[in-house]
Every structure is written in C-alpha cells, then in structure tokens.
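Colleague: I'm new to this one, so could you take me through a single part of it up close? I'd like to hear about the aromatic rings, and then about whatever packs alongside.

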Amino acid sequence: MEFNNLTVEISRPIAILTVNRPKVLNALNLETVGELGAAFSMLADHDQVRALILTGSGEKAFIAGADITEFRGKTAPDMIPFARKGHDVARVMESMGKPIIAAVNGYALGGGCEIAMACDIRLASDTARFGQPEILLGLIPGMGGTQRLARLVGLGIARELVYSGEQISAQRAYEIGLINRVFPADQLMEEAKKLAGKLASMPSHAMKMAKLATNYGYDQSLDNGLMLETQCFAHCWSHPDLEEGVAAFLEKRKADFHND
Ligand code: CO8
C-alpha cells in the first residue's frame with residue numbers, strides 16, 4: 001500500500017509505520033489520519049504481521065499534533081467528522097488483536113500524544129516531550145485526550161495537563177505512568193524492535209485474547225470485566241497453541257506455536 005504521508009515497512013513479523021511529514025513535525029492533516037486508518041486496518045488483517053511500531057520521521061518529532069493549518073475557516077459542524085475520523089483510527093488500533101508500540105522520538109503533542117495513548121505500549125527517547133497543548137489554541141483535545149489521559153495517569157494529573165497545556169519531559173511522563181520506558185535517543189528504535197520481536201513471538205491467539213480482555217474490560221465494572229476475561233480465557237482452549245504451550249511446558253521443551 002502506498003501513502004503520501006506515511007511509510008509502512010514490513011519486516012516480518014513486525015510492521016513499522018512512520019508518519020512522514022518532517023517539515024511540519026509530522027503534524028496530522030486529515031489525509032494522514034485517513035492513511036493511518038487504512039494502514040492499521042490493512043495490518044490488522046495481514047497474516048505475516050504480529051506486532052506493530054508507530055513512530056515519526058526525523059529526530060525532532062513523533063507527531064506534533066493535528067495540522068493546525070487545517071483549522072482555519074472551519075465551523076463546528078465541520079469538526080465533528082474530523083474528530084470522529086481520529087477516534088475511528090484509535091479504535092482500529094485498540095481493537096486489533098496485535099500489540100502496537102509507540103516509539104516516541106520527539107514531540108508527542110495534542111493528537112500526537114493522543115495517538116500514542118491509543119498504542120498498547122509507549123517507549124520514548126529521553127528527548128521526547130509530551131503534552132496536550134490544545135487549550136493554548138482555544139480548543140480542547142479531540143482525539144481521545146480528555147478520556148484516555150485520565151485513564152492512564154489519573155484524573156488529577158490529566159486535568160493539570162489538559163487545563164495548562166504544559167509540556168512535560170519523557171522522564172516526567174515516565175514518572176506519571178504515561179509511558180512505559182525511556183531510552184537514549186539512539187537506542188529507541190532498536191529497543192522498540194526488540195520488544196516488538198518479543199511480543200510477535202508470543203502465541204498470536206493468546207495475544208489477541210489478552211489485548212481484547214484488557215482493552216475492552218478496562219472500562220467495564222469489575223464483574224463485567226471478569227465475565228469478559230472468562231470468555232477470553234476459555235476461548236484459548238479453542239486454539240492449538242494452548243495444547244502446544246502446555247505440552248511444551250510438561251515435556252520441558254520450547255513451544256512451537258502455530259502463530260497464524
Ligand atoms: N500543525 C502544523 N504545523 C506545525 C505543527 C502543527 N501541529 N507543529 C509544528 N508545525 C510546523 C511549524 O509551523 C513550522 O513550520 P515552518 O517551518 O513552515 O514555520 C515547523 O513545523 C517547525 O516547527 P517550529 O518552528 O514551531 O519548531 P519549534 O522547535 O520552534 O517548536 C513545537 C516545536 C513546540 C512542537 C511547536 O511547533 C508547536 O508548538 N507546535 C504546535 C503543537 C500543538 O499545538 N499541537 C496541538 C495541535 S491541536 C491537536 O492536536 C488537536 C487534536 C485533534 C485530533 C483530531 C484528529 C483527527
């Protein structure tokens with residue numbers, strides 16, 4: 001698949017998506033949002049890809065937010081489908097049965113921070129900066145930032161970031177639980193690939209069930225979440241990987257998973 005603003009490199013079993021608009025710090029114009037949606041949908045069904053990495057081109061930015069040049073002259077009704085398009089991309093990312101790692105190599109602001117939050121795991125360079133600066137433009141986050149940030153870091157800190165528009169360092173993002181790990185900039189991609197390789201080697205059906213249960217269970221009551229977990233747990237018995245994993249353990253050998 002060819003894109004204008006995005007490169008997709010498939011190095012089986014990993015796919016690396018790179019937002020490629022370095023002149024504007026990889027800001028997301030509507031076309032790029034559409035391309036991300038198409039790429040994630042395609043990779044969700046790609047039978048050779050089992051883990052994904054999302055990053056930005058250049059050394060300065062992951063994604064510096066929505067492309068502000070597209071905001072001029074718009075009306076409120078124009079922006080409802082715009083925001084929905086962003087939400088749809090995040091939902092494709094969260095509902096696919098494969099892990100997505102954000103390799104945050106610089107500014108992750110506004111929509112950039114929001115799309116990173118729709119990834120399963122966030123790794124960042126020590127030079128990365130995070131924030132929801134929309135308020136400084138007279139608006140608010142529109143790609144899930146008012147919702148996912150509080151779920152990740154708690155309501156108190158989410159309010160502080162959304163109300164102040166303040167940028168925070170990678171170290172601070174790590175301390176508040178917004179990101180999983182921080183690496184020196186020159187090691188970030190290598191570490192992201194290492195982690196993606198590890199996750200891709202896991203039995204893919206169990207990975208799908210794990211992602212489904214954690215992502216869809218999180219917003220439920222504990223009882224509903226546990227009900228979903230029970231279904232996903234039991235569903236593992238419908239796949240040969242489970243028999244193989246258990247047999248390998250009992251026979252003291254390495255499992256040879258189906259991984260389709
Ligand atoms: N949109 C458009 N252009 C941008 C953006 C952006 N978000 N960010 C940077 N650029 C452009 C600059 O205009 C500049 O262009 P030029 O060279 O033509 O002047 C170029 O990128 C380099 O940027 P700077 O010169 O500003 O670089 P600095 O190092 O001085 O500053 C910053 C870097 C701090 C990242 C600064 O560029 C900045 O503050 N950018 C805007 C960040 C921002 O406010 N982001 C939030 C946008 S709103 C949003 O994301 C809402 C999400 C809604 C989601 C909807 C989903 C579809």
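**Aromatic pairs and a helix contact**

Modeller: Sure. This is a predicted model, and it holds two aromatic pairs. Take Phe71 and Phe82: their ring centres sit 6.3 Å apart with the planes at 80°, and since an angle over 60 degrees counts as edge-to-face, that's what this pair is. The two residues come from distant parts of the chain, eleven residues apart: Phe71 lies in the loop between strand 4 (61-63) and helix 2, while Phe82 is in helix 2 itself. Phe71 has 24% relative accessibility, so it counts as partly exposed. Phe82, with 17%, counts as buried.

The other pair is Phe233 with Trp237. Here the ring centres are 5.0 Å apart and the planes meet at 65°, so this pair is edge-to-face too. Both Phe233 and Trp237 are exposed.

Now back to helix 2, the one that carries Phe82. Helix 2 spans residues 76-95 and packs with helix 8, residues 204-217, at an angle of about 135°, their axes being 9 Å apart. That angle is why helix 2 is called oblique to helix 8. Who touches whom? On the helix 2 side you'll find Arg91, Met93, Glu94 and Ser95, and they meet Lys211, Asn215 and Tyr216 of helix 8. Sorted by type, the residues of this contact come out as three charged, two polar and two nonpolar.

Key:
Residues numbered from 1 in each chain as written. Predicted model: local features only at pLDDT ≥ 70, side-chain atom pairs only at ≥ 80, totals over all residues. Heavy atoms only, no water. Axes fitted to C-alpha atoms, helices over the stretch in contact; angles between N-to-C directions. Helix = DSSP H or I, 4+ residues; strand = E, 2+ residues; numbered from the N terminus. Parallel < 35°, antiparallel > 145°, perpendicular 65-115°, else oblique. Contact = heavy atoms within 4.5 Å. Nonpolar A, V, L, I, M, F, W, Y, C, P; charged D, E, K, R; others polar. Phe/Tyr/Trp six-rings, centres within 6.5 Å; stacked < 30°, edge-to-face > 60°. Buried < 20%, exposed > 50% of the residue type's maximum accessible area, 1.4 Å probe, protein only.
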